[in-house]
Amino acid sequence: MSLNSIMSNIDDWEISIKMDGENLAFGFIEEKGIYTKTKKGIRNYDPNNYDKFTFLQGFKKVHIHFQNLGLEFVLKEFVKQYKESNNLSKYPSIQIFSELLSSDQPNTIQYDKDKIGNGLIYIFDIKINGKSYFYDIQVQQFLNTLCRFVTVNNWNCILKNLININLNLINKTVSNFH
């Protein structure tokens, strides 16, 4: 089977950036406050809990950054507005998924120190009550605000950007050149 015939059966493709950082989730629960966690870890409400392992110092660093910024207030305000605008009976849980680059070389790839700064957070998903809402307009507005909020003290934040490719359009364009 040729590549062209395979591609002709696919209408849309997704291309996104892959970063070699540390998988960071963070969020807010009304009764407990702001938390950070590793990919398979448990929710951590106290940055000093990361002291046990040197490889988790990036998580401690970002947790302290969030606390110093008062990120809990921003998340709490979003949760309150989301609850009211969606007529929910109780406050939803919110969890944001990202890659954390707490240094210019968190794993195997070395990045530009000037672009990483004190740390970089690359947000690629958000779940509200366990369901992904990354492409919801209200949520995107919040995530843009969140990125601007955390981008202080030489920290950086990037939202995942998708490029949708319409292969039918590409195939038509390519066939016009033959």
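**Entry 1. Surface and overall make-up**

I began with the accessible surface of the protein chain, which comes to about 10,900 Å², with 52% of it belonging to carbon and sulfur atoms. I note here that the model is a predicted one. I then looked up burial: buried residues account for 39% of the 178 residues in the protein chain.

Next I listed the secondary structure and found six helices and eight strands in the protein chain. Along the sequence I read their order as α-β-β-β-α-α-β-α-β-β-α-β-β-α. I also looked at contacts between residues at least 6 apart in sequence; 64% of these join residues at least 24 apart.

**Entry 2. Strand β5 and its partners**

How many of the 10 residues of β5 are buried? I found eight, so the strand is largely enclosed by the rest of the structure.

I then went through the pairing of β5. With β4 the sense is antiparallel, over eight bridges, and I recorded Ile-121 of β5 as the bridge partner of Leu-100. With β7 the strand runs parallel, joined by five bridges. For this pair I noted Tyr-122 bridged to Ile-158 of β7, and Ile-123 standing opposite Leu-159 of β7.

The pairing of β5 with strand β6, residues 131-132, is antiparallel and has two bridges. Here Lys-127 has Ser-132 in β6 as its bridge partner. The hairpin of β5 and β6 has two residues between the strands, and in it Asn-129 takes a positive phi near 50°.

**Entry 3. Gln-95 in β4**

I looked up Gln-95, which is found in strand β4. Is Gln-95 buried or exposed? Its relative accessible area is 14%, and since buried means under 20%, I entered Gln-95 as buried.

I then listed what Gln-95 touches, leaving aside neighbours within four places in sequence. The contacts are Ala-25, Phe-26, Gly-27, Tyr-35, Lys-37, Arg-43, Asp-125, Ile-126 and Lys-127.

**Entry 4. Helix α3**

I checked the length of α3. Its 15 residues, at 1.5 Å a residue, should span 21 Å, and the end C-alpha atoms are indeed 21 Å apart. I found Leu-71, Val-74, Leu-75, Phe-78, Val-79, Tyr-82 and Lys-83 of α3 to be buried. These residues cover an arc of only 165° around the axis, which puts them on the same side of α3.

I asked what covers the buried residues of α3. The cover includes β2, β3 (33-38), α2, β4, β5 and α5. After α3 comes Asn-87, for which I read a positive phi near 50°.

**Entry 5. Helix α5**

I repeated the length check on α5, residues 137-150. The expected span for its 14 residues at 1.5 Å a residue is 20 Å, and the distance between its end C-alpha atoms, 20 Å, agrees. Which residues of α5 are buried? I listed Val-139, Phe-142, Leu-143, Leu-146, Cys-147 and Val-150. Seen down the axis of α5, they fall within an arc of 140°, so they line one face of the helix. On the other side I found Ile-137, Gln-141 and Arg-148 exposed.

The buried residues of α5 pack against β2 (22-29), α2 (57-69), α3 (71-85), β4 (94-101), β5 (119-128) and β7 (155-159). At the N-terminal end of α5 I found a cap, Asp-136, with a side-chain oxygen 3.0 Å from the backbone nitrogen of Gln-138.

**Entry 6. The loop from α5 to β7, and β7**

I looked at phi in the loop between α5 and β7, where Asn-153 lies. Asn-153 is not a glycine, yet it has a positive phi of about 55°. Asn-154 has its place in the loop between α5 and β7 as well, and it has a positive phi of about 65° although it is not a glycine. I made a note of both values because most residues other than glycine have a negative phi.

On accessibility, Asn-153 counts as exposed at 59%, and Asn-154 counts as partly exposed at 47%.

I closed with the faces of β7. Trp-155, Cys-157 and Leu-159 form the covered face, while Asn-156 and Ile-158 form the uncovered one. Why do the two sets interleave along the strand? In a regular strand the side chains alternate between the two faces of the sheet.

Definitions and conventions:
Residues are numbered from 1 along each chain as its sequence is written. This is a predicted model: local features need pLDDT of at least 70, side-chain atom pairs count only at pLDDT 80 or more; totals for chains, interfaces and linings use all residues. Side-chain values use heavy atoms; hydrogens and water are left out. Helices (H or I, at least four residues) and strands (E, at least two) are DSSP runs, numbered from the N terminus. The expected span of a helix is 1.5 Å times one less than its number of residues. Buried means under 20% relative accessible area, exposed over 50%, partly exposed in between (1.4 Å probe, protein chains only). The arc is that of the directions from the helix axis to the C-beta atoms. Contact means heavy atoms within 4.5 Å. A polar contact is a pair of N or O atoms within 3.5 Å; within protein, one must be able to donate a hydrogen and the other to accept it, and residues adjacent in sequence count only if both atoms are side-chain atoms. Accessible areas come from the Shrake-Rupley method with a 1.4 Å probe; for residues, only the protein chains shown count as cover. Two strands pair if DSSP finds at least two bridges between them.
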